Structures are given as structure tokens and as C-alpha cells.
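This report describes a single protein chain. The sequence and the model are shown first.

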Amino acid sequence: PLVEEYLSSIEMDADELLRAAERLKVNELPREIDVVEVTKSLVHGLQVQTPRLKIKVYPGSDVPLVNAVRSDISNALGNIIQNGIEAMHEDGCMEIHIDRHTERGKCWARIKVIDSGPGISPEVSARIFSPLYTTKAGHPGYGLWRARDIFRRLGGSIDYQNNLTSGVTFTILLPGYEGV
């Protein structure tokens, strides 16, 4: 099983390299991205796949644009949302709140992904963003690690905490686009 995990990881790396090459081929460069639109598009696709699951997006007003490659934001956010979906029962509920956040004079796009799953145990918590770490059979363990890497490269962050009753809230902060 360990060899299979490594081979799967290598396959994912190869896929990511191919996607990066494809982006270069079509000149997908960082630009102003509307994280509300990206999130709504992701959720729409996921709702088609799992219609019993309730995912609600709550966009705030005046959410800043983010300077990024759209597919990077989509992949990273998609990993967070997909993990929440997989942690919940089929009739679970997820809320995604997107708003403008100001901290120390800087403007951020803040995305909170709140699921109704079982939460994250202390054992998992210690390694949750580590590469090759997974609690799910057949998964290579790159999703959260890759998402955190993308958000950090953009100057942002991702954190999480267990909710009081059940589930987890992932909070993503991305710097607002300030133009040139």
C-alpha cells in the first residue's frame, strides 16, 4: 500500500506539471480574480454531482478582487470544499461566507468554508497540512498541503478550527488586489 501511495503521489505531481505546462501554453497569467464568482462556479458544479448536499454561498458586499491565476484559486478552494463534502454525510450542509476583511490597514478577501462533518481530531490536526498525509483510502494526501501552498504564494493564509457543535471552519485570507 505504501508503494501505491507514492506512485499515486508521483502521478499527481505529473498531472500538476502537465496542468502548469498547459497554463503556460495558453498564457494563463495572474490577473484580477473575483473569488465570489469562482466560488459560485465551483459550488454549482459540485451541486450537480451531489444534489442532496446543501451548499450555500453568502457573498458579502465589496469583496476585493485577488491577483492570481484563476485555476490556482479554483483548485485550492475546490480541495477545501471537496474535503468538507467528503467529511459530511450525504444530507450534510455547508456554508461559504465571503467578505471583505481589514486587518492592520490591509484589505483581504476572506472565505470561510463551514461544514457539518465530524470535525478534525487532535491526531489529524497535527499533520493536516503535511504532504502525503491523508485519512482517506485512495487519496494521495496532497489536497490541503497544495491549497495552503497556493494561498501562501499569493501572500495569504489558511487556518481552521473545529466548530462548537460539529464540523470545521476553514478560513482563507487572500490579499485584495491593489492595482498598479
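The text below covers the overall fold, two helix contacts and a few individual residues.

**Overall fold**

The model is predicted. Its chain contains five helices and seven strands. In sequence order these elements follow the pattern α-β-α-β-β-α-β-β-α-α-β-β. The chain has 180 residues, of which 37% are buried. Among the contacts with a separation of 6 or more, 68% join residues that lie 24 or more positions apart. The exposed area of the chain is about 10600 Å², and carbon and sulfur atoms supply 54% of that area.

**Helix α3 against helix α5**

Helix α3 spans residues 70-87 and helix α5 spans residues 143-153; their axes come within 9 Å and cross at roughly 140 degrees. An angle over 145 degrees would count as roughly antiparallel, and 65 to 115 degrees as roughly perpendicular. The crossing of α3 and α5 falls in neither range, so the pair is oblique. The crossing of α3 past α5 is left-handed. On the α3 side the contact is made by D72, A76, L77, N79, I80 and N83, and on the α5 side by G143, L144, A147, I150, F151 and R153. Sorted by class, this contact has seven nonpolar residues, three polar residues and two charged residues.

**Helix α2 against helix α3**

Helix α3 also has a contact with helix α2. Helix α2 covers residues 35-49, and the axes of α2 and α3 come within 10 Å and cross at roughly 50 degrees. This pair is therefore oblique as well. The crossing of α2 past α3 is right-handed. From α2, the residues V35, E37, V38, T39, S41, L42 and L46 take part; from α3, they meet R70, I73, S74, L77, G78, I81, Q82 and I85. The residues of this contact divide into eight nonpolar, five polar and two charged. L77 of α3 is listed in the contact with α5 and in the contact with α2.

**Residues with a positive phi**

Most residues other than glycine have a negative phi. Which residue between β2 and β3 departs from this, with phi at about 65 degrees? That residue is D62, which is not a glycine and has a positive phi of about 65 degrees. D62 sits in the loop between β2 (54-59) and β3 (66-68). Its relative accessibility is 54%, so D62 counts as exposed.

R104 is another residue other than glycine with a positive phi, here near 50 degrees. R104 belongs to the loop between β4 (93-103) and β5 (106-115). With a relative accessible area of 77%, R104 is exposed.

**Pairs distant in sequence**

The table lists C-alpha to C-alpha distances for three pairs of residues.

| Pair | Separation in sequence | C-alpha distance |
|---|---|---|
| S130 and W145 | 15 residues | 5.7 Å |
| V57 and M94 | 37 residues | 8.6 Å |
| T102 and G176 | 74 residues | 9.7 Å |

S130 is placed in the loop between α4 (122-125) and α5. Is S130 buried or partly exposed? The limit for a buried residue is under 20% relative accessible area; S130 has 24% relative accessibility and therefore counts as partly exposed.

V57 is part of strand β2. Leaving aside residues up to four places away in sequence, V57 touches T39, K40, V43, I96 and I98. One of these, T39, is also among the α2 residues that meet α3.

T102 is part of strand β4. The relative accessible area of T102 is 55%, so this residue is exposed.

**Summary of the contacts**

Helix α3 takes part in two described helix contacts, an oblique one with α5 and an oblique one with α2. The contact with α5 is left-handed in its crossing, whereas the crossing of α2 past α3 is right-handed. Nonpolar residues number seven in the contact of α3 with α5 and eight in the contact of α2 with α3.

Note on methods
Residues are numbered from 1 along each chain as its sequence is written. This is a predicted model: local features need pLDDT of at least 70, side-chain atom pairs count only at pLDDT 80 or more; totals for chains, interfaces and linings use all residues. Side-chain values use heavy atoms; hydrogens and water are left out. Helices (H or I, at least four residues) and strands (E, at least two) are DSSP runs, numbered from the N terminus. Buried means under 20% relative accessible area, exposed over 50%, partly exposed in between (1.4 Å probe, protein chains only). Contact means heavy atoms within 4.5 Å. Accessible areas come from the Shrake-Rupley method with a 1.4 Å probe; for residues, only the protein chains shown count as cover. Axes are lines fitted to C-alpha atoms, for helices over the stretch in contact, and angles run from 0 to 180 degrees between N-to-C directions. Angles under 35 degrees count as roughly parallel, over 145 as roughly antiparallel, 65 to 115 as roughly perpendicular and the rest as oblique. A crossing is left-handed if the near helix is turned anticlockwise from the far one by less than a right angle, and right-handed if clockwise. Ala, Val, Leu, Ile, Met, Phe, Trp, Tyr, Cys and Pro count as nonpolar, Asp, Glu, Lys and Arg as charged, and the others, Gly among them, as polar.
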